[in-house]
Every structure is written in C-alpha cells, then in structure tokens.
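Got a minute to go through how the labels on a structure get earned? Have a look at this one first.

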Amino acid sequence: QVMVVESGGALVQPGGYLKLSCTTSLTAFSGLTVAWYRQAPGKQREFVARIRSGSTTNYVDSVKGRFTISRDAAKKTVYLQMDNLKPEDTAVYYCKLDSYNAWGQGTQVTVSY
C-alpha cells in the first residue's frame, strides 16, 4: 500500500505564505508525477498544480504566479510554495501520486484575518 502524507497547512492572513509538503513511502520517487488538488467547503475537488518526472510543471490559472510546485528527490518530498494567499485559496489541500492513484489525507489551509 502506497502511503502519501501531506503537512504544512495552517491559518494565515491574506497576502501571507505557506509551504505544503507531500511525502511518500515509495523509493522510486524521482520519476513520479505528483499533483496537488484542493477542495473548498461545498465545492468539488479541483486541480492545483502538477510536477512530472522531467520536472515539467503546470498550474491552474488561478494560482499561476503565486504558487510553485517543486521536488526534493533525496527527501522523497514534493512541495507547494504558496505566496500572496487569498481567502479563496481556503481549502483542504491533497497530494496525489498520479501513477498509483494514491491520495493523502489532506491538510487544511485557511486564509483569513
């Protein structure tokens, strides 16, 4: 069973920043495609960002220029750096290993005064 664990969620004020982390039990990590999704209350889960095996990245339009996805293969961790956070970024953020269709349990991000 593939384990995926997110961390780093918190309450932050608008304009602030957070860095989420996603770790896995898999040993062959550098070649994985990993994605971040989020789900706000009363809304469907939506795609946020993805990093592929060659470090190609893509983002949903609403976070372009504010969020950055990156990978540290040695630590088997994918990060989501979130800058200039807005109230509409409030959601539970989930990490997904695409090749295994494996999800983490989610981490709560709340952007509010």
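Below are some questions and answers on a predicted model.

Q: Why is Arg-38 called buried?
A: Its relative accessible area is 6%, and buried means under 20%, so Arg-38 makes the cut.

Q: What makes Arg-38 and Glu-46 a salt bridge?
A: Their closest N and O atoms are 2.6 Å apart. The rule asks for a side-chain nitrogen of Lys or Arg within 4 Å of a carboxyl oxygen of Asp or Glu, so this pair qualifies. Glu-46 itself is at 32% relative accessibility, so with buried under 20% and exposed over 50% it counts as partly exposed.

Q: How do you know that Asp-89 and Arg-38 meet in a salt bridge too?
A: Again it's the N to O distance: 3.0 Å, set against a limit of 4 Å. Asp-89 lies in the loop between S8 and S9 and Arg-38 in strand S4, so the pair ties together parts that are 51 residues apart in sequence. Asp-89 is at 1% relative accessibility, so it goes down as buried. Step back a bit and Arg-38, Glu-46, Arg-66 and Asp-89 are linked in a network of salt bridges.

Q: What makes Arg-50 and Asp-98 a salt bridge, and where do they lie?
A: They come to 2.8 Å, N to O, which is within the 4 Å allowed. Arg-50 lies in strand S5 and Asp-98 in the loop between S9 and strand S10, 48 residues apart. Arg-50 is buried at 13%, while Asp-98, at 24%, is partly exposed.

Q: Why is the pair of Tyr-37 and Phe-47 called edge-to-face?
A: Two checks here. The ring centres are 5.8 Å apart, and rings pair within 6.5 Å. The planes sit at 80 degrees, and over 60 counts as edge-to-face, so the name fits. Ring pairs also link Tyr-37, Phe-47, Tyr-94 and Trp-103 into a cluster.

Q: How do you know that the charged end of Lys-19 sits over the ring of Tyr-79?
A: That charged end is 4.4 Å from the ring centre, and the distance limit is 6 Å. There's an angle test as well, within 35 degrees of the ring normal. Arg-45 does likewise over the face of Trp-103, at 4.6 Å from the ring centre.

Q: Why does Lys-96 count as buried?
A: Its relative accessibility is 14%, and the cut-off is under 20%, so buried it is. Lys-96 lies in strand S9, and its contacts include Val-34, Tyr-37 and Trp-103.

Terms used. Residues numbered from 1 in each chain as written. Predicted model: local features only at pLDDT ≥ 70, side-chain atom pairs only at ≥ 80, totals over all residues. Heavy atoms only, no water. Phe/Tyr/Trp six-rings, centres within 6.5 Å; stacked < 30°, edge-to-face > 60°. Helix = DSSP H or I, 4+ residues; strand = E, 2+ residues; numbered from the N terminus. Buried < 20%, exposed > 50% of the residue type's maximum accessible area, 1.4 Å probe, protein only. Contact = heavy atoms within 4.5 Å. Lists of a residue's contacts leave out its neighbours within four places in sequence.
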